[in-house]
Amino acid sequence: MVGAPVLKRGRPGDPLMHLLFSRYFVLQLVALSTLAFAVLALVVNRWWAAPLVVFAPLLALGVMDLLQTQHAILRNYPVIGHIRFLLEAIRPELRQYLIEDEHDPLPFSREQRTLVYRRAKNVNDAQPFGTVRAVDAVGYGWISHSIRAKAVEDHDFRIDIGGPDCRAPYRASVLNISGTSFGAVSANAIMAFNKGAHMGGFAHNTGEGSISPYHRRHGGDIIWQVATGYFGCRTVDGHFDPERFAQQAADDQVKMIEIKLSQGAKPGHGGVLPKAKITGEIARTRGVGRDRDCVSPAAHTAFTTPLELIAFIQQLRVLSGYKPVGLKMAVGHRYEFFALVMAMLETGATPDFIVIDGGEGGTGAAPAELSDHAGLPLGEGLSFVQNALVGADLRNRIKLGASGKLVTAFDLCRVFAIGADYALSARDFMFAIGCIQSRSCHTNNCPTGVATQDALRQRALVVDDKAQRVANFHRNTLKALAELLGSAGLTHPDDLLPWHLHFRHQSGAVLRGDAIYPRIMPGALIRGEMGEDLAREWGRASARTFEPAFV
């Protein structure tokens with residue numbers, strides 16, 4: 001408008017603008033405010049000193065920020081730089097509650113967690129108005145249904161675990177609690193898991209932290225996991241102690257023994273329990289000190305070759321009173337598993353079960369690279385082991401378990417169709433007792449008392465209430481499994497085959513499960529009737545060493 005006054009913008013060189021946009025402006029404002037209120041308190045009225053309760057500490061904080069040498073952002077932006085650290089600290093919560101989509105799998109989606117919560121609370125989990133999934137998206141999967149659908153009344157699906165050398169086979173549920181070590185999770189969490197397992201008639205794996213008093217309190221069936229640290233059955237220098245093992249394994253509550261070779265979330269890396277979480281009780285249970293992190297060795301010291309591993313399995317079977325003894329592993333070098341198969345063929349001895357843990361499996365703490373970029377995913381690992389055992393004519397002696405991010409009945413159908421006889425999951429049951437996926441398991445500051453040794457924090461987890469939720473989740477998930485099986489015209493998970501599954505390929509075409517997870521004929525490895533890829537890996541293997549015959 002003609003004649004209107006023109007407002008001049010401050011230029012970067014103006015002293016006033018320089019002051020306003022200075023990175024020290026907040027500190028200067030705090031200092032001036034502190035001085036002003038101090039003068040007013042002295043000259044006018046002492047009540048003017050009240051704001052100094054806020055400004056004096058802020059001034060001290062700003063001076064400390066300028067003098068400290070660890071954080072460059074605080075030296076350049078005293079006082080206000082702390083906002084960056086505050087936002088960084090609460091970023092996971094902001095994302096989870098305000099930004100995260102229902103299907104963002106980080107690592108479990110809100111949809112998956114909500115399903116667990118509802119089934120654990122025995123709340124109706126029916127979905128209104130149809131699927132919210134993009135059925136034409138790459139990777140979308142489904143099970144083919146039958147015109148001759150069946151009503152499966154009994155959802156308590158069971159299998160018998162125990163090979164020809166086992167004298168005390170275990171009749172197991174097809175869904176059990178995977179390894180949850182006392183130390184990694186709280187005493188109250190352990191008791192809730194085990195009491196829930198007892199109520200629901202399924203098994204609770206101890207994890208590598210040994211059998212604590214809390215595993216025993218409510219009488220739930222126990223799968224005792226023996227890992228590289230030999231916790232609960234170790235000598236002073238950390239080696240395997242047969243006498244201590246026999247004493248623990250004799251307990252009737254211990255139904256099976258699981259030798260952990262590797263874990264999907266951190267294959268090739270021993271378990272890690274931070275020093276901050278090691279209480280006196282944990283130290284006694286494991287037989288370790290409290291002055292450092294409890295780190296298991298990367299590999300076992302009780303054996304070094306495939307034949308020695310088979311001998312170790314036989315030793316534990318005898319020491320345990322011929323209970324089922326098996327292995328847990330993530331699939332890595334395929335020739336190493338073939339070497340183990342060759343050792344079974346040479347000795348005629350086999351484990352009673354093998355649990356395959358997928359690279360997508362969980363852990364309380366692990367190096368990022370191992371969690372993100374090591375370990376074969378569950379589907380591929382399970383398919384390989386299924387074919388290896390079938391190809392060596394050993395499958396009928398060994399039960400296969402599957403572990404790794406199994407939430408829904410369809411997840412269970414997928415692993416059963418690929419070859420698993422039963423499944424295990426830990427994080428699902430953690431959600432059932434209140435886990436909110438804060439991902440603070442390694443800090444000892446779990447907000448729900450699940451993964452902490454802080455007595456006050458774990459007090460929030462009420463055992464009786466959460467144990468019922470554990471049993472509820474197990475029962476309702478198996479009910480959903482029965483409904484899904486019935487829709488396919490089947491009556492038991494054993495009936496599932498790869499061709500029952502269908503997946504959307506990246507080309508847009510639909511692939512049957514047997515195209516993705518093909519099976520070989522019984523005895524094919526022994527007869528040499530295998531593909532070039534498997535033949536090469538078989539040729540690299542030897543029962544006498546885990547080293548490859550050639551590179």
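A residue is called buried when its relative accessible area is under 20%, and isoleucine 177, with a relative accessible area of 0%, is therefore buried. Keep that cut-off in mind during this tour, which moves through a predicted model.

**The whole chain**

Begin with everything shown, so that the 551 residues of the chain, 48% of them buried, are in view together. The C-alpha atoms fill a box of roughly 95 × 65 × 55 Å along the principal axes, and the chain contains 21 helices and 15 strands. Among contacts between residues at least 6 apart in sequence, 69% join residues at least 24 apart. If you turn on the surface, the chain exposes about 26,600 Å², of which carbon and sulfur atoms supply 58%. Colouring by charge brings out 58 positive and 52 negative side chains, and the centres of these two sets lie 7 Å apart.

**The largest nonpolar core**

Next, select Trp224, Phe337 and Leu481, which touch the most other members of the largest nonpolar core, a set of 123 residues. Then add helix H12, residues 334-347, which gives the most to this core, with 9 residues. In soluble globular proteins, nonpolar side chains tend to be buried together.

**Isoleucine 177 and strand S4**

Return now to isoleucine 177, which is found in strand S4. Beyond the residues up to four places away in sequence, isoleucine 177 touches a group that includes Phe193, Ala197, Phe202, Leu424, Phe429 and Val470. For a distance to draw in the viewer, take the C-alpha atoms of isoleucine 177 and asparagine 194, which are 17 residues apart along the chain and separated by 8.9 Å.

**Serine 181, after the strand**

Follow the chain from strand S4 (175-177) towards helix H7 (187-200), and in the loop between them select serine 181. Is serine 181 buried or exposed? Its relative accessibility is 10%, so serine 181 counts as buried. Leaving aside neighbours within four places in sequence, serine 181 is in contact with Ile190, Thr206, Gly207, Glu208, Gly209 and Arg286. One of these deserves a closer view, since a polar atom of the serine 181 side chain lies 3.0 Å from the backbone nitrogen of glutamate 208.

**Two loop residues with positive phi**

Most residues other than glycine have a negative phi. Select serine 210, in the loop between strand S5 (203-205) and helix H8 (213-216), where phi is positive, near 80 degrees. Serine 210 has a relative accessible area of 0%, and so it is buried. Then select arginine 439, in the loop between helix H16 (427-432) and helix H17 (455-458), whose phi is also positive, near 60 degrees. Arginine 439 has a relative accessibility of 61%, and therefore counts as exposed.

**Helix H6 and what follows it**

Move to helix H6, residues 110-120, and highlight its buried residues, which are Glu111, Gln112, Arg113, Leu115, Val116, Arg119 and Ala120. An α-helix has 3.6 residues a turn, so residues three or four places apart point the same way. After H6, look for asparagine 122, whose phi is positive, near 65 degrees.

**Leucine 461**

Select leucine 461 in the loop between H17 and helix H18 (463-487). With a relative accessibility of 2%, leucine 461 counts as buried. Its contacts, leaving aside neighbours within four places in sequence, are Asn188, Ala189, Ala192, Ile433, Thr448, Gly449, Val450 and Lys466. Drawing a line from leucine 461 to threonine 131 gives 34 Å from C-alpha to C-alpha, for two residues that are 330 apart in sequence.

**Aspartate 160 and threonine 304**

For aspartate 160, go to strand S2, residues 158-161. Which residues does aspartate 160 touch, not counting those up to four places away in sequence? They are Tyr170, Arg171 and Lys399, and the side chains of aspartate 160 and arginine 171 are joined by a polar contact of 3.0 Å. Aspartate 160 counts as partly exposed, at 42% relative accessibility, and its C-alpha lies 29 Å from that of valine 185, 25 residues apart in sequence.

End the tour at threonine 304, in the loop between strand S9 (294-295) and helix H11 (306-319). Threonine 304 has a relative accessible area of 54% and is exposed. The C-alpha atoms of threonine 304 and alanine 151 are 50 Å apart, while the two residues are 153 apart in sequence.

How values were computed: Residues numbered from 1 in each chain as written. Predicted model: local features only at pLDDT ≥ 70, side-chain atom pairs only at ≥ 80, totals over all residues. Heavy atoms only, no water. Buried < 20%, exposed > 50% of the residue type's maximum accessible area, 1.4 Å probe, protein only. Helix = DSSP H or I, 4+ residues; strand = E, 2+ residues; numbered from the N terminus. Core = buried A, V, L, I, M, F, W, Y, C linked by side-chain atoms within 4.5 Å. Polar contact = N/O pair within 3.5 Å; in protein donor to acceptor, adjacent residues only side chain to side chain. Contact = heavy atoms within 4.5 Å. Areas by Shrake-Rupley, 256 points an atom, 1.4 Å probe, with all protein chains shown as cover. Lys, Arg positive; Asp, Glu negative; His and termini not counted. Charge placed at Lys NZ, Arg CZ, Asp CG, Glu CD.
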